[in-house]
Amino acid sequence: MQASSNNLIQGERIGAEQVPGLLSTLLDTVESLIVVLDNEGHIVGFNRACQETTGYTFDEVRGRCVWDIFLIPEEIEPVKEVFESLRSSLSPSRFENYWLTKSGERRLVAWKNTIIPDASGPARWVIGMGKDITERKQTEEELQRSLKELADIKFALDESSIVAITDQKGIIKYANDKFCEISKYSREELLGQDHRIINSGYHPKEFIRNLWTTIASGKVWKGEIKNRAKDGQIYWVDTTIIPFLNDEGKPYQYVAIRNDITERRRAEERLQEQATLLDHAREAILVRDLEGRVLFWNKGAERIYGWTSDEATGKNIVELLYRERSRQYEEATRSVIDNGEWTGELRQVTKDGKDIIVEGHWTLVRDEKGAPKSILVINTDITEKKRLEAQFLRAQRMESLGTLAGGIAHDLNNILSPILMSVRMLQMKFTDEESHRLLATLQKSAERGGDLVGQVLSFAKGVEGERVLLQPKHLIKEVARIFKDTLSKSIEIEFFVPDNLWAVTGDATHLHQVLMNLCVNARDAMPGGGRLAVRAENSSIDENYALMNLEARAGRFVCISVTDTGIGIPEAVIDKIFEPFFTTKGQGKGTGLGLSTVLGIVKSHGGFVTVYSEIGRGTEFRVYIPAAVPPHLQQVEAVREEIPRGRGEMVLVVDDEAAIREVAKETLEAQGYRAMTAGDGTEAVALYAQHKDDVEVVVTDMGMPHMDGATTIRILQKMNPTIRIIATSGLKSEGKIHEVASLGVKTFLSKPYTAEKLLHALSDVLDKNK
């Protein structure tokens with residue numbers, strides 16, 4: 001074809017101006033871009049494909065140099081060099097360059113150029129045949145970007161991971177060696193194929209629809225999938241699918257990370273087939289392996305614990321039924337392995353967080369060689385039986401306490417009366433200032449003892465104390481004086497009360513007892529010494545704060561916090577500490593009534609109590625009492641500063657509490673920010689890897705499961721050393737603040753925080769880095 005065209009042009013001895021007329025019909029039928037240049041680079045041929053791609057008509061470009069119209073500045077000289085090389089060598093060539101369309105868009109074109117010489121030998125025409133490869137190049141670049149982003153989350157992968165990448169339609173773009181190995185397909189057979197090439201047909205349409213709906217919305221999907229290999233063999237994989245989003249926030253690629261769990265699923269399926277008859281039993285019957293992983297879970301277990309069989313199977317029994325690994329559980333496990341069976345009582349927790357007591361009968365199951373294989377567990381719920389027993393004992397104890405309180409009140413008052421009278425006599429006898437100070441303290445303590453006697457009678461007979469308008473700072477200062485005189489020198493005491501603290505309506509004796517009980521508990525939590533801090537502040541609770549705390553309500557409160565640096569309260573018992581007679585102190589060291597009395601008094605005043613604790617770091621109790629702000633007792637409240645608004649900045653909120661994530665996200669978006677959330681550190685790092693060019697601030701909790709706040713911060717700082725971070729925690733201790741500061745984080749929010757505090761913190765962090 002090239003030779004005949006050459007002969008045609010040479011034989012007819014046509015001029016350059018005749019070329020378009022003779023070849024236009026031929027050129028316009030070709031899908032490729034074809035442009036004909038004379039030996040100086042002027043355009044003499046320009047087919048329909050060129051016109052459609054560039055937006056120019058032939059009349060607009062006829063006779064003009066190709067580099068004056070279509071080339072971007074940085075490519076003009078390189079293209080001229082190629083053109084000169086073509087003219088001199090008369091050899092075909094290939095290269096790629098960008099063409100500018102009439103609208104200014106860049107299109108990448110791959111050219112194959114051919115020379116048509118003149119009769120005398122020199123080049124007369126250069127014919128370029130091009131293919132628009134813009135979309136193909138973009139796809140390749142997106143794949144490279146996906147691989148780069150995948151490298152940013154390499155901590156999630158190991159050598160055993162099965163990895164594949166698909167586009168938004170599910171076409172396979174990448175598969176690693178492990179994927180090829182388990183699927184029995186070669187990489188060449190997989191690339192370009194629909195992901196359904198390994199579909200087993202096992203999962204219902206609803207399952208597949210949920211998977212695609214989740215990842216298409218930009219969210220990570222996790223689950224177990226049953227696939228079919230090339231040879232028909234079935235295999236199971238534990239799968240995490242991470243969507244990668246384009247600038248419009250829509251997924252353009254999906255990275256699937258899988259782990260082979262075929263053997264485990266086969267064992268579970270065999271066990272399930274043998275266990276159908278057990279579902280009719282009322283007891284919880286389950287089978288777990290020696291590592292604690294659930295292999296079978298009957299209907300009775302579903303009724304007692306709330307977890308369905310699908311939810312429980314494959315999970316560790318400690319994670320499902322215990323707040324933390326308990327000594328009871330460990331002893332029972334050792335006993336059944338050593339002796340073949342175990343019987344006893346265990347404290348466990350249901351799916352909805354309810355504590356229960358079960359009577360367990362465990363039996364060791366052995367394999368055909370006699371080696372321990374699994375444990376058959378039969379548990380009976382005896383919670384109600386135990387509750388009735390405890391209720392009866394408590395009723396007897398309360399009746400005894402009431403009788404005792406009424407019986408000793410008279411004797412206690414007789415003891416206190418001579419003390420008070422003696423104080424008056426001693427005040428007249430000793431006139432120096434130090435003696436008067438000590439005697440005044442003694443008198444107030446004796447009077448307080450008389451009030452407490454009355455309170456005990458109120459406890460026994462149900463009498464309510466008198467409510468008056470009072471200023472809490474006086475109560476706090478009095479408690480401060482008592483503890484500064486009585487506490488061990490190994491405990492550092494810190495009290496802070498602002499001058500403009502709001503007044504409250506309450507019973508002074510009762511509120512004094514609240515402070516005393518909390519301070520005594522703090523003291524007992526620090527047997528080796530530490531720091532006790534009592535702080536008061538005015539607190540305006542907004543709806544966002546109230547949503548984070550079920551006991552809270554919106555309004556103005558006086559907040560009194562009591563913080564220690566003691567041993568902390570275990571998570572397993574923190575929900576029980578306000579129950580009457582519950583105590584973690586040794587025999588004879590506590591009645592278990594202190595915190596239940598605190599809660600009762602605070603609630604009777606219309607307030608609420610929050611507690612946050614970390615083992616080995618300390619505990620903080622916050623008491624919120626509704627404020628009464630009469631004009632004759634209270635200073636005029638300062639005019640509130642205007643709450644700063646965002647300007648579209650993206651904030652990543654990381655917290656394991658769903659309520660906090662949701663409220664924080666709504667608050668930020670309502671105040672002009674954009675927000676995304678993560679439930680733990682692992683998810684936060686994955687999200688940041690995708691959006692690190694967009695995220696301007698990360699707000700992260702310090703105490704999270706799986707990957708804690710400190711580890712999350714370190715990984716994020718490795719990914720971006722200049723990242724801006726706000727740390728949050730429910731325990732605002734010196735140790736916690738020091739830990740945050742040591743990570744280079746300068747902004748700390750004490751949880752639970754109000755919307756105003758969060759927005760001011762964000763504004764400060766963003767302003768400092770401008």
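At 25% relative accessibility, Phe 207 falls into the partly exposed class, since burial requires a value under 20%. In this predicted model, Phe 207 belongs to helix α10, and its ring is paired with that of Trp 221 in strand β8, so that parts 14 residues apart in sequence are tied together. The geometry of this pair is edge-to-face, with 5.7 Å from centre to centre and 90 degrees between the planes. Trp 221, in contrast to its partner, is buried, its relative accessible area being 7%.

Helix α10 itself comprises 12 residues, from 205 to 216. From its first C-alpha to its last it reaches 16 Å, close to the 16 Å expected at 1.5 Å a residue. Its buried residues are Leu 211, Thr 214 and Ile 215. These residues lie on the same side of α10 because they cover an arc of only 90 degrees around the axis. Such an arrangement can be read against the general geometry of the α-helix, in which 3.6 residues make a turn, so residues three or four places apart point the same way. On the other side of α10, Lys 205 and Glu 206 are exposed. The cover over the buried residues of the helix includes strands β8 (221-228), β9 (234-245) and β10 (251-260). Just after α10, Gly 218 adopts a positive phi of about 90 degrees.

The pair formed by Phe 207 and Trp 221 was considered alongside other aromatic contacts. In total, the structure holds 15 aromatic pairs. One of them, between Phe 46 and Phe 70, is stacked, with the ring centres 5.7 Å apart and the planes at 15 degrees. Phe 46 is located in strand β2 (residues 43-46), whereas Phe 70 is located in the loop between α5 (66-69) and α6 (76-89); the pair therefore ties together parts that are 24 residues apart in sequence. Both Phe 46 and Phe 70 are buried. These two residues also belong to one aromatic cluster, together with Tyr 56, Trp 99 and Trp 111.

Aromatic rings are also found beneath charged side chains. Arg 265 lies over the face of Trp 236, at 3.7 Å from the ring centre. A further arrangement of this kind involves Arg 556, which is placed over the face of Trp 502 at 4.9 Å from the ring centre.

A contact between segments separated in sequence was examined at Glu 492, a residue of strand β17 (residues 491-496). Glu 492 has a relative accessible area of 44% and is therefore partly exposed. Its C-alpha lies 4.6 Å from that of Arg 531, although 39 residues separate the two in sequence. When residues up to four places away in sequence are not counted, Glu 492 touches Gly 530, Arg 531 and Leu 532.

Over the chain as a whole, 26 helices and 27 strands were assigned. Of its 770 residues, 44% count as buried. Among contacts between residues at least 6 apart in sequence, 59% join residues at least 24 apart. The chain exposes about 41200 Å², of which carbon and sulfur atoms supply 51%.

Notes: Residues are numbered from 1 along each chain as its sequence is written. This is a predicted model: local features need pLDDT of at least 70, side-chain atom pairs count only at pLDDT 80 or more; totals for chains, interfaces and linings use all residues. Side-chain values use heavy atoms; hydrogens and water are left out. Helices (H or I, at least four residues) and strands (E, at least two) are DSSP runs, numbered from the N terminus. Buried means under 20% relative accessible area, exposed over 50%, partly exposed in between (1.4 Å probe, protein chains only). Contact means heavy atoms within 4.5 Å. Accessible areas come from the Shrake-Rupley method with a 1.4 Å probe; for residues, only the protein chains shown count as cover. The expected span of a helix is 1.5 Å times one less than its number of residues. The arc is that of the directions from the helix axis to the C-beta atoms. Rings of Phe, Tyr and Trp (its six-membered ring) pair if their centres lie within 6.5 Å; planes under 30 degrees apart count as stacked, over 60 as edge-to-face and the rest as tilted. A charge sits over a ring if NZ of Lys or CZ of Arg is within 6 Å of the ring centre and within 35 degrees of the ring normal.
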